Amino acid sequence: MLVSPRPIPREVWVLVSASFVIALGYGIVAPVLPLYAVEFNVSNTAASAIISSFALMRLLFAPASGWLIQRFGEKRVYLSGLTIVAISTGACAFAQVYWQLLVLRSIAGIGSTMFTVAVMGLLIHMSPPDLRARISSLYAGSFLIGGIAGPTLGSLLAGLGLRAPFLIYALSLFVACIVVGTTLGKVSADQPGVTDSRPTMSLRAALLQPPYRAALASNFANGWSSFGVRVALVPLFMAAMSTDTTAAALALTAFAVGNAAVIIPAGRWSDLHGRRPFIIAGLAITGLSTVFFGFSSELWIALVLAVIAGVGTGLLGPSQQAAVADVIGQKARGGQVLSTFQMSADLGAVLGPLLIGLVADAFGFGPAFAVTGMLLLVAAVWWTFTGDTRERTLTQEIPIVRTNEP
């Protein structure tokens, strides 16, 4: 079956545009965040805790985000979340001691999970079943393009100091709020006085589906690696390996380039050939390249491995998101299912920097990245014993147990 030639919905393009603006600012902040924390004379573990605190609040607040979406609608929660992150991120530039930075990044984590869960719900309801992976890759691709441009722009602005990127990121988030708030039409149950009559898929019903359980495992591993260890330890590892002050930004840019190279076609391939093959391949490629990354002795080797890891994550992302969308279905609400899926990545992002930071302090960067890579390979093995969601969802949505309770 060929992918439908129908155009991408206008609302999707609005969210894609906002995603690029958000990622542009995030890409500027990511390379300097651990280095900024070290400026307060703390250890590698404490610097990694800045990343974990952000993810921890995302983890703890995810269930409440699902409830807020059911109560106020996806668009309102999305805009509120962006505003919270913008204000707290801007305030990071004025932190005077380590604990202030820790608190502000924790508050940003609350807003982050609000808009992340909300946008997943928006995209699922806007995406026809035969375009799910393609739309997922388009949205993720816009974030990656911004992620590529962000570190590059950040390196050009290095002369402004380590505090300036936080102000730039805050500004980009306010711009994203304006873009979405003024151009995105009324969606879901955001209209006053209108009740959302869509049935709700319970978390228990989702957990009965093997693909959803596998997605939780792979999302945990990806959160541990890409959103935790990579952001927390790669800048520190690159600073220890190379005297080039832009090495950290180059490594994160290389990872983003690998992502961008495959993420758009990966969505099309997934809609044509199924979710599972690309999830397994993505996890295996990312896992192996991560194992070897920590033993890199030359800058160019580390950059090549970063590109390869980015390719693997680019293959993984669209298919994994589409598999979860297949489980929920286009006509059902799945706030709790989506928030739990998001929590799996956040749990990995919380535990990863802390535990691997301890491993790095005790044994070095090589073993730390090796452990992370092995976790991704375990997730790849899990998916080999899981069925594919694509064939069933093209003919009918996966059978689910629905309830009208939130």
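Here are a few friendly notes on this predicted model, moving from the whole chain to two helix pairs and one residue.

1. **The overall picture.** If you are new to this structure, start with its elements: the protein has 15 helices and 2 strands. It runs to 406 residues, and 59% of them count as buried. The contacts also say something about how the chain is put together. Taking contacts between residues at least 6 apart in sequence, 89% join residues at least 24 apart.

2. **Helix 10 with helix 12.** A good pair to look at next is helix 10, covering residues 247–273, and helix 12, covering residues 299–328. Their axes come within 6 Å and cross at roughly 30°. Angles under 35 degrees count as roughly parallel, and helix 10 and helix 12 are therefore roughly parallel to each other. The crossing of these two helices is right-handed. As for the residues in this contact, 17 are nonpolar and 8 are polar, with no charged ones.

3. **Helix 13 with helix 14.** Further along the chain, helix 13 (residues 335–363) packs with helix 14 (residues 365–384) at an angle of about 145°. The axes of helix 13 and helix 14 lie 7 Å apart, and the crossing is right-handed. To find the contact in your viewer, pick out Ile356, Val359, Ala360 and Phe363 on helix 13. Their partners on helix 14 are Phe365, Pro367, Ala368, Val371 and Thr372. By class, this contact of helix 13 with helix 14 has 8 nonpolar residues, 1 polar residue and no charged ones.

4. **Where Thr116 sits.** Now for a single residue. Thr116 belongs to helix 5, which spans residues 98–126. Is Thr116 buried or exposed? Its relative accessibility is 16%, and buried means under 20%, so Thr116 counts as buried.

5. **What Thr116 touches.** The side chain of Thr116 is worth a closer look. It reaches the backbone oxygen of Ser112 at 2.7 Å. The Thr116 side chain also makes a polar contact, at 3.2 Å, with the side chain of Arg58. Which residues does Thr116 contact once its neighbours within four places in sequence are left aside? They are Arg58 and Gln342. Arg58 thus appears both in that list and as a polar partner of the Thr116 side chain. Gln342 falls within the residue range of helix 13, the helix described in point 3 for its packing with helix 14.

Notes: Residues are numbered from 1 along each chain as its sequence is written. This is a predicted model: local features need pLDDT of at least 70, side-chain atom pairs count only at pLDDT 80 or more; totals for chains, interfaces and linings use all residues. Side-chain values use heavy atoms; hydrogens and water are left out. Axes are lines fitted to C-alpha atoms, for helices over the stretch in contact, and angles run from 0 to 180 degrees between N-to-C directions. Helices (H or I, at least four residues) and strands (E, at least two) are DSSP runs, numbered from the N terminus. Angles under 35 degrees count as roughly parallel, over 145 as roughly antiparallel, 65 to 115 as roughly perpendicular and the rest as oblique. A crossing is left-handed if the near helix is turned anticlockwise from the far one by less than a right angle, and right-handed if clockwise. Ala, Val, Leu, Ile, Met, Phe, Trp, Tyr, Cys and Pro count as nonpolar, Asp, Glu, Lys and Arg as charged, and the others, Gly among them, as polar. Buried means under 20% relative accessible area, exposed over 50%, partly exposed in between (1.4 Å probe, protein chains only). A polar contact is a pair of N or O atoms within 3.5 Å; within protein, one must be able to donate a hydrogen and the other to accept it, and residues adjacent in sequence count only if both atoms are side-chain atoms. Contact means heavy atoms within 4.5 Å.
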